[in-house]
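Student: I am new to this structure and would like to get to know one part of it well. Could you pick a spot and take me through it slowly?

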Amino acid sequence: QVQVVESGGGLVQPGGSLRLSCAASGFTFSAYAMKWYRQAPGKEREFVATISTAGGWNNYADSVKDRFTGSRDNAKNTVYLQMNSLKPEDTAVYYCYVPRQGAWGQGTQVTVSS
């Protein structure tokens, strides 16, 4: 059974940083690229980042490029999203997604506000 659990969200001031974690189990973690999405109030869920299987090649939405960095620790079955220079428009629930398995986590709330 695939399980995906995000953590690390919270309230941060504009310009601040947060690191999100996504712990996964129930599949061969190292064989799967992982994705981050987010959903702001009243908006559709949108793509944020893809973290490749070894973390060496990632891609990002234009809105977060150069501010967010994805990484992973395959020994811990965990993927991360380091978010720097946060803006109020980054406020959303952030979700981890396992492609091919079609599995989503429950999400973690990120609020950027002064």
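Tutor: A salt bridge here is a side-chain nitrogen of Lys or Arg within 4 Å of a carboxyl oxygen of Asp or Glu. Such pairs make sense in general, because side chains of opposite charge can pair when their charged atoms come close. Before we use the term, please note that this is a predicted model, in which local features need pLDDT of at least 70 and side-chain atom pairs count only at pLDDT 80 or more, while totals for chains, interfaces and linings use all residues. Residues are numbered from 1 along each chain as its sequence is written, and side-chain values use heavy atoms, with hydrogens and water left out.

Let us look at D90. This residue sits in the loop that links β8 (78-83) to β9 (92-98); strands are DSSP runs of E with at least two residues, numbered from the N terminus. D90 has a relative accessibility of 1%, so it counts as buried. Buried means under 20% relative accessible area, exposed means over 50%, and partly exposed lies in between (1.4 Å probe, protein chains only).

What does D90 touch? Apart from neighbours within four places in sequence, D90 is in contact with R38, R67, F68, S85, V110 and V112, where contact means heavy atoms within 4.5 Å. Within its own loop, a polar atom of the D90 side chain lies 2.8 Å from the backbone nitrogen of K87.

Two of the residues in contact with D90, R38 and R67, bring us to the salt bridges. The structure holds 4 of them. One joins the side chains of D90 and R38, with 2.9 Å from N to O. Since R38 belongs to strand β4 (residues 34-39) and D90 to the loop between β8 and β9, this pair ties together parts that are 52 residues apart in sequence. Another joins R67 and D90 at 2.7 Å, N to O. Here R67 comes from the loop between β6 (58-60) and β7 (68-73), so this second pair ties D90 to a part 23 residues away in sequence. R67 is buried too, with a relative accessible area of 11%.

R38 has a further partner: its side chain meets that of E46 in a salt bridge of 2.6 Å, N to O. R38 is buried at 5% relative accessibility, whereas E46, at 35%, is partly exposed. Through shared partners, these salt bridges join R38, E46, R67 and D90 into one network.

Now look at the strand that follows this loop, β9. In β9, 7 of the 7 residues are buried, so the strand is largely enclosed by the rest of the structure. Strands pair if DSSP finds at least two bridges between them. β4, the strand that holds R38, runs antiparallel to β9 and is joined to it by 5 bridges; there, K35 stands opposite Y97. β9 also pairs with β11, in the antiparallel sense over 3 bridges, and V93 has Q109 of β11 as its bridge partner. Finally, 2 bridges join β9 to β10 (residues 103-104), again antiparallel, with W104 as the partner of Y97. The hairpin of β9 and β10 has 4 residues between the strands, and in it R100 takes a positive phi near 70°.

The strand before the loop, β8, ends at M83. M83 touches G16, S17, L18, L20, R67, F68, Y94 and V110, leaving out residues up to four places away in sequence, and R67 and F68 are also among the contacts of D90. A nonpolar core is a set of buried Ala, Val, Leu, Ile, Met, Phe, Trp, Tyr and Cys residues joined through side-chain atoms within 4.5 Å. The largest such core has 30 residues, and M34, W36, L81, M83 and Y94 have the most contacts inside it. The strands that each supply at least two of its residues include β4, β8, β9 and β11.

Terms used
Polar contact = N/O pair within 3.5 Å; in protein donor to acceptor, adjacent residues only side chain to side chain.
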